[in-house]
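Please look over the sequence and the model shown below before reading on. The report then moves from the sheet to the helices and ends with two single residues.

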Amino acid sequence: MFRNPQDSSYNCYLKVIPDTDSIKGLIVRDFSSLPNTTRKSPYRLMQLAADEGMMTIYTVTSNYFPELYYDDKGPTLLDDIINEVMEEHKIPKENLILGGISSSGTRALRYAQYCLSGKSKYGNQPKGIFLVDSPLDLERFCLSAANHIDNFSDGMLEEALMMNKVFPEKFGVTASHNPKPYRDNSVFSHTLPKGGKAVLFKNTPIIIFHEPDINWWIEERGASYYDINSYDLAAFANTLAQQGNSKVELITTSQKGFDRQGNRKPHSWTIVDEPYLIQWIVKTL
């Protein structure tokens, strides 16, 4: 569905509709572009969701890359799309699941933050969130890219070069000169008391998948623990646990991450046990 026929770069979504008269819930995954449905995928999440009577929608809410929801434009658009789909298909408003890998997971949390702060004009509230190796603390992310870039190689180097341009472009300053905009727009902060805005999630069910294979990261990317997303995710899970959230599950995998060519890569969707994730979603609803 292209909501603006004159611009197909964003403001669009793809629905995977289950074969049922009564849809139980909605799973939302925000992508950088709509998935290619003509290509066979090794991943089964949307089919498993459909088998359980849940609809999955793949949305594109920005044509900026990489998008981490640096402001409320993306969340506001996502809010409209979610309401549009829920109204059209009469999906129970309370059964909303958000999630994704990498920056898609970050955006899921940022939208949830938007809702939990009372900004959703439709009163949307997430029932649960799933994350797969997502960056959460933008201050940490910025300082890592700026200070450790000489250590990095391959994809880590490419990412650092990109983020060293993106962060000052979006916030007008680096985190070392003024960390405030980074902290204000982060899902979680290592620096601020109670994890900063992480306190909003103290009652939200969250499941997190990550694979901190530090030997691989050192040998293949020149990265330390500080440079990888596991550093944020473990601290986020611990912070919420300390605040009394017993519904946070941190799943640490080993030797599960591979790219589509079969090469070792911990930052991959293959670390996700999809049947387990679907059952977690079913129980959360």
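Which hand does the β-α-β unit made by β4, α3 and β5 have? The unit of β4, α3 and β5 is right-handed, a term used when, with the strands pointing away from the viewer, the path from the first strand over the helix to the second runs clockwise. The names refer to DSSP runs numbered from the N terminus, with helices being H or I runs of at least four residues and strands being E runs of at least two.

This is a predicted model, in which local features need pLDDT of at least 70 and side-chain atom pairs count only at pLDDT 80 or more, while totals for chains, interfaces and linings use all residues. Residues are numbered from 1 along each chain as its sequence is written, and side-chain values use heavy atoms, with hydrogens and water left out.

**The sheet**

Seven strands make up an open sheet of mixed pairing, in the order β1-β3-β2-β4-β5-β6-β7, where two strands pair if DSSP finds at least two bridges between them. At the edges lie β1 (12-16) and β7 (248-252), each of which pairs on one side only. From one strand to the next, the twist averages 15°.

Strand β2 (residues 25-30) is mostly covered, since six of its six residues are buried, where buried means under 20% relative accessible area, exposed means over 50%, and partly exposed lies in between (1.4 Å probe, protein chains only). In a regular strand the side chains alternate between the two faces of the sheet. In β2, G25, I27 and R29 point one way, whereas L26, V28 and D30 point the other way, and all are buried.

Strand β2 runs parallel to β3 (residues 54-60), and six bridges join the two. The chain passes from β2 to β3 through helix α1 (residues 45-51), and this β-α-β crossover is right-handed. With β4 (residues 96-101), β2 pairs in the parallel sense over three bridges. Strand β4 is itself mostly covered, with five of its six residues buried, and its pairing with β5 is parallel over five bridges. The table lists residues that stand opposite each other in these strand pairs.

| Strand pair | Residue | Residue opposite |
|---|---|---|
| β2 and β3 | G25 | M54 |
| β2 and β3 | D30 | T59 |
| β2 and β4 | L26 | L96 |
| β2 and β4 | I27 | I97 |
| β4 and β5 | L98 | I129 |

**The helices**

Helix α3 (residues 103-116) lies across β2, β4, β5 (128-132) and β6 (206-210), running at about 150° to β4. Helix α8 (residues 230-242) lies across β5, β6 and β7, and its direction is at about 150° to β6. For such values, axes are lines fitted to C-alpha atoms, for helices over the stretch in contact, and angles run from 0 to 180 degrees between N-to-C directions.

Helix α4 (residues 138-147) is largely enclosed by the rest of the structure, because eight of its 10 residues are buried. Among them are L138, F141, C142 and L143. The cover over the buried residues of α4 includes α5, α6 (180-184) and α8.

Two packed helices are described by the angle between their axes and the distance between the axes. Helices α5 (residues 154-171) and α7 (residues 214-221) pack at an angle of about 75°, with their axes 7 Å apart. That makes α5 roughly perpendicular to α7, as angles of 65 to 115 degrees count as roughly perpendicular, those under 35 as roughly parallel, those over 145 as roughly antiparallel and the rest as oblique. In this packing, D154, G155 and M156 of α5 meet W217, E220 and R221 of α7, contact meaning heavy atoms within 4.5 Å. The residues of this contact divide into two nonpolar, one polar and three charged; here Ala, Val, Leu, Ile, Met, Phe, Trp, Tyr, Cys and Pro count as nonpolar, Asp, Glu, Lys and Arg as charged, and the others, Gly among them, as polar.

**Two single residues**

Is S230, which lies in helix α8, buried or exposed? S230 counts as buried because its relative accessibility is 7%. Leaving aside neighbours within four places in sequence, S230 is in contact with D133, H210, E211 and P212.

V282 has its place in helix α9 (residues 274-284), and at 31% relative accessibility V282 counts as partly exposed. Not counting residues up to four places away in sequence, V282 touches E52 and M54. V282 and N95 are 187 residues apart in sequence, while their C-alpha atoms are 9.9 Å apart in space.
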